[in-house]
Amino acid sequence: MRLLASFLLLTLGLNAQTITIAPAPVDRAALIAEFTLAEDAPSPNRATKADGTSLPVQVEDSGKACFVVGFLRAGESLTLSLSKADGAVVESVRLRPGVDGMVLSAGGAEVLNFRTDKTKKPRSDIKDEILRAGYLHPVRSPSGAIVTGDYPSNHAHHHGIWTPYTKAVFQGRTTDFWNMQSKKGEEQLRAVGRLWAGEVHGGFDAELRMTDLSGTAPTDALIDRWSVKAYAIKGSQKPMHVFDLTTTQSCATNDPLELPQYHYGSFGLRGPESWDGKDGARFLTSEGITDRKKGDSTRARWCYLGGKTEAGISGTAVLGYPDNFRFPMPLRLHPDMPYFSIVPQKLGAFSIQPGKPYVTRYRFVVTDGEPDAKLFDACWNSLAHPAVVRVAK
């Protein structure tokens with residue numbers, strides 16, 4: 001206890017500022033706590049609980065601070081002391097060059113790879129028109145198991161985590177950005193923007209374009225801006241990789257993109273080819289559905305896709321933010337491939353209009369072991385009941 005007290009005095013100081021997270025009626029996991037520092041306040045890098053457990057705090061130039069609470073029980077509040085610990089800040093979440101792209105890692109473990117180079121063919125039978133960049137693969141579990149697939153032999157236009165539309169109408173023409181082999185349209189990476197690293201989170205921004213190829217000349221129809229952010233999670237009930245994907249889609253011209261009612265496209269998650277077949281993949285939705293045929297065309301707060309890996313079972317739960325368009329998520333669960341799509345246009349046609357960006361947000365929770373519905377619920381609760389942080393004056 002004497003050592004703990006000495007540590008607290010050195011790192012916290014006697015006049016440490018405190019913050020409190022308000023309770024919620026549900027358990028919450030991977031709870032992202034954000035607050036804004038006063039202009040004249042010192043910049044902290046630690047938030048310490050009453051028991052001495054310390055969580056890293058990351059502060060942006062704007063004064064916005066962030067830390068992550070691994071788990072907080074229903075009805076429980078949490079008070080922490082802010083401090084500036086001595087020593088260099090360790091960038092726990094960072095970017096480095098990866099396989100035909102760049103790797104985002106947390107705590108030294110690879111979380112995901114973002115493909116930025118489309119020139120390398122994984123197999124000789126891949127046609128040039130379906131080569132693409134601007135998607136996430138491989139995505140890895142905490143054990144290092146790969147939970148996404150790329151250029152599968154039966155559907156070579158599928159790519160890990162990707163976001164093109166299938167049936168679409170642009171300038172009166174029917175186009176298709178998903179099935180690039182049809183040569184009606186494509187989605188490609190145009191630029192990588194901001195890159196950042198830190199003790200709590202790191203990530204990147206990128207710009208993709210959905211280009212219509214059905215007219216006399218290629219024409220960009222939609223600008224698809226991605227922001228990917230991975231978090232370092234400490235104090236969670238089990239190891240997990242957590243990252244967010246925000247897409248902001250805007251018209252590239254003065255013409256809207258019309259999206260007729262259709263059964264897939266928009267967001268896709270493809271599992272490894274070893275999970276192929278009717279019994280090769282594991283599905284679970286927030287509504288407790290494990291049968292992919294019964295789960296198809298249902299709606300859910302989250303959906304899990306997993307299968308056999310060197311770790312036993314590994315997989316990814318995709319959590320929809322409650323403010324997403326047509327939430328709960330309308331699902332397309334494929335009957336015999338390891339793949340699902342989140343498809344707002346399943347519920348009817350809609351359009352993306354000039355000057356009105358269309359924004360969607362998803363959180364990904366990647367785990368090893370049997371799919372844990374309670375954990376996924378607690379992670380989703382953190383989206384529905386975000387941390388309310390009070391800073392003591």
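Reader: Let's start with one side chain. Leaving aside neighbours within four places in sequence, which residues is leucine 136 in contact with?

Author: Happy to. This is a predicted model, and in it leucine 136 contacts Leu112, Asn113, Phe114, His159, Gly160, Ile161, Phe204, Trp226 and Phe243, with neighbours up to four places away left out. Leu136 also appears when you look at the largest nonpolar core, which has 39 residues: Leu112, Leu136, Ile161, Phe243, Phe267 and Phe340 are the members that touch the most other members. Apart from this core lies another, made of 25 residues, including Phe71, Ala317, Leu375 and Phe376.

Reader: Phe267 is on that list, so let me look at its strand. Which way do the residues of strand 20 point, and are they buried or exposed?

Author: For a strand, ask which side each residue faces, then how covered that side is. In strand 20, residues 267-270, Phe267 and Leu269 point one way. Gly268 and Arg270 point the other way, and all four are buried.

Reader: Which strand is joined to strand 20 by 2 bridges, and which by 4?

Author: Strand 12, residues 161-162, is joined to strand 20 by 2 bridges, and the two run antiparallel. Isoleucine 161 has leucine 269 as its bridge partner there. Strand 26, residues 339-342, also pairs with strand 20 in the antiparallel sense, over 4 bridges. In that pairing, arginine 270 is partnered by tyrosine 339.

Reader: How many residues of strand 24 are buried?

Author: Of its 9 residues, 312-320, 8 are buried, so the strand is mostly covered. Now read the pairings. Strand 23, residues 302-309, is joined to strand 24 by 8 bridges, running antiparallel, and a hairpin of 2 residues connects them. Tyrosine 304 finds its bridge partner in alanine 317, and Ala317 is also a member of the core of 25 residues. Strand 24 pairs with strand 28 as well, antiparallel over 7 bridges, where threonine 316 stands opposite valine 366.

Reader: Strand 28 also holds arginine 363. Why does arginine 363 count as buried?

Author: The cut-off is under 20% relative accessible area. Arginine 363 has a relative accessible area of 3%, so it counts as buried. Next, look at what surrounds the residue. Not counting residues up to four places away in sequence, arginine 363 touches Ala30, Ile32, Tyr231, Val242, Phe243, Asp244, Ala317, Val318, Leu319, Tyr321 and Leu383. One of these, aspartate 244, makes a side-chain to side-chain polar contact with arginine 363 at 2.7 Å. For a view of the fold, the C-alpha atoms of arginine 363 and threonine 246 are separated by 8.8 Å, although the two are 117 residues apart along the chain.

Reader: Which residues lie nearest the centre of the largest pocket?

Author: Arg363 is among them, together with Glu34, Tyr231, Tyr321 and Arg361, out of 18 lining residues. The pocket holds about 350 Å³ of space. To read a lining, sort its residues by element. Those giving two or more residues are strand 2 (28-36), strand 17 (219-231), strand 18 (241-251), strand 28 and helix 3 (373-384). Strand 17 supplies the largest share, 4 residues.

Reader: Let's turn to the backbone. Where are the prolines that follow a cis peptide bond?

Author: The general idea comes first: most residues other than glycine have a negative phi, and most peptide bonds are trans. Here, the bond from histidine 137 to proline 138 is cis, with omega near -5 degrees, and proline 138 is in strand 11, residues 135-139. The bond from phenylalanine 327 to proline 328 is also cis, with omega near 0 degrees. Proline 328 sits in the loop between strand 24 and strand 25 (329-333).

Reader: And phi? What value does tyrosine 151 have, and what value serine 297?

Author: Tyrosine 151, which is not a glycine, has a positive phi near 50 degrees. Tyrosine 151 is in the loop between strand 11 and strand 12, and counts as buried because its relative accessibility is 3%. Serine 297 has a positive phi of about 70 degrees, again without being a glycine. Look for serine 297 in the loop between helix 2 (292-295) and strand 22 (299-300).

Note on methods: Residues are numbered from 1 along each chain as its sequence is written. This is a predicted model: local features need pLDDT of at least 70, side-chain atom pairs count only at pLDDT 80 or more; totals for chains, interfaces and linings use all residues. Side-chain values use heavy atoms; hydrogens and water are left out. Buried means under 20% relative accessible area, exposed over 50%, partly exposed in between (1.4 Å probe, protein chains only). Two strands pair if DSSP finds at least two bridges between them. Contact means heavy atoms within 4.5 Å. A polar contact is a pair of N or O atoms within 3.5 Å; within protein, one must be able to donate a hydrogen and the other to accept it, and residues adjacent in sequence count only if both atoms are side-chain atoms. A nonpolar core is a set of buried Ala, Val, Leu, Ile, Met, Phe, Trp, Tyr and Cys residues joined through side-chain atoms within 4.5 Å. On a 1 Å grid over the protein atoms alone, a cavity is a set of points where a 1.4 Å probe fits but cannot get out, and a pocket is an open set with protein on both sides within 12 Å along at least five of seven lines; lining residues have an atom within 4 Å of a point. Grid points are joined across faces, edges and corners, and a volume is the space filled by probe spheres set on the points.
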